[in-house]
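Work through these short exercises with the structure in view. Try each task before reading its solution.

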Amino acid sequence: MIMKGKKPYVVVFVIQTIYAAMFLLSKAAFDHGMNNFIFVFYRQALATIFLIPFAFIFEWKIAPPLSFRTFCKIFFLSLFGITLSLDINGIGLIYTSPTLAAATTNCLPVITFFLALILRVESLKIKTRAGIAKLIGIVACLAGASTLAFYKGPHLKLLSHHILGSNKQHDQSHIPSSTWIKGCFLMLLSNTLFGLWMVLQAFVIKDYPPKLIFTTLQCFLSSIQSLVIALAIERDIEKWKLGWNINLLAVAYCGIIVTGVTYYLMTWVIEKKGPVFLAMSTPLALIITIFSSVILLGDIISLGSVLGGFLLIVGLYSVLWGKNREQTPKVSQDLEQPSV
């Protein structure tokens, strides 16, 4: 029973480790000339192929009928939360670095909280300690995002060699400020769409509970959507070819492990613990990415990235503390009531 209660925590750790590796491999593939939009199509198509057999074997016979209304919900959920989010995130990653990509995901709890607040899934009581903590968390996240975008500071060069990536190190000082700022805002936009996906998915999965078919259908619809976008942007057949290199490895990893496996795990966690719980685990990906990008890609981390990431983590856990504080009095009151 104790292990069963810890299972969601183990799953979110696995999810964030997978995402840290995704940032690194995706950046390495883009540095080797992989087109972002083609990359998203390949990973979604591969994920669909990977998931279809499992969906048929485990859930096809017990799945309820899929209404047209629910299908439309899943279609738009895939379009905004997966297809457009991934396309925009890829562009932002090209403009910036894996560390910043991992850092900006720490805005997810605040974004998710805002969206959940609008949809009346969460509440904000400004006159309470919990409400003040949430507001502090929001301000800290905004400060962290601003620091990431507008301040670089001294550069922390930890290693002189790397394993993956191109022959040059990813020195953030060589990236123009306008390009860096643009990449930061694209990352935030991508996370906003992804946060919307997490909140709305909690509603849609109530209408259609089988998680494997639900995930497979999202991947299938996203692969069609991303194919249309990729064909409209890139028509050079040479750009669509994959060789036995880092590009193929990144596509296979992101398609099978990230999209195929992680989306199912995320759906499971959202159903068990809710969307905010999943978002609260994002600092793990930042910590893993910082150390891995230095060793594997030779990233030269800026002080601004470290400070910005720290502020985002402070804001994240301030919101988490506020949520826990709101729930604690209710439990205490129930325990303190005298028995009749």
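Buried means under 20% relative accessible area, exposed means over 50%, and partly exposed lies in between (1.4 Å probe, protein chains only). This is a predicted model, where local features need pLDDT of at least 70, side-chain atom pairs count only at pLDDT 80 or more, and totals for chains, interfaces and linings use all residues. Residues are numbered from 1 along each chain as its sequence is written, and side-chain values use heavy atoms, leaving out hydrogens and water.

**Exercise 1.** Place S78 and decide: is S78 buried or exposed?

Solution.
- Start with the helix: S78 sits in α3, residues 68-95. Helices are DSSP runs (H or I, at least four residues), numbered from the N terminus.
- Next, take the area. S78 has a relative accessible area of 0%, so S78 is buried.
- Then list its contacts (heavy atoms within 4.5 Å). Leaving out residues up to four places away in sequence, S78 touches T83, Q218, L221, S222 and Q225.

**Exercise 2.** Find F13 and classify its exposure.

Solution.
- F13 belongs to helix α1, residues 2-31.
- Its relative accessible area is 44%, so F13 is partly exposed.

**Exercise 3.** Judge the confidence of the chain.

Solution.
- Use pLDDT, the predictor's confidence in each residue, from 0 to 100.
- The protein chain has a mean pLDDT of 79, and 83% of its residues reach 70 or more.
- Now check two stretches. Residues 159-169 stay under 50, yet the model has 28 contacts for them beyond four places in sequence. Residues 331-340 also stay under 50, with zero such contacts.

Notes. Helices (H or I, at least four residues) and strands (E, at least two) are DSSP runs, numbered from the N terminus.
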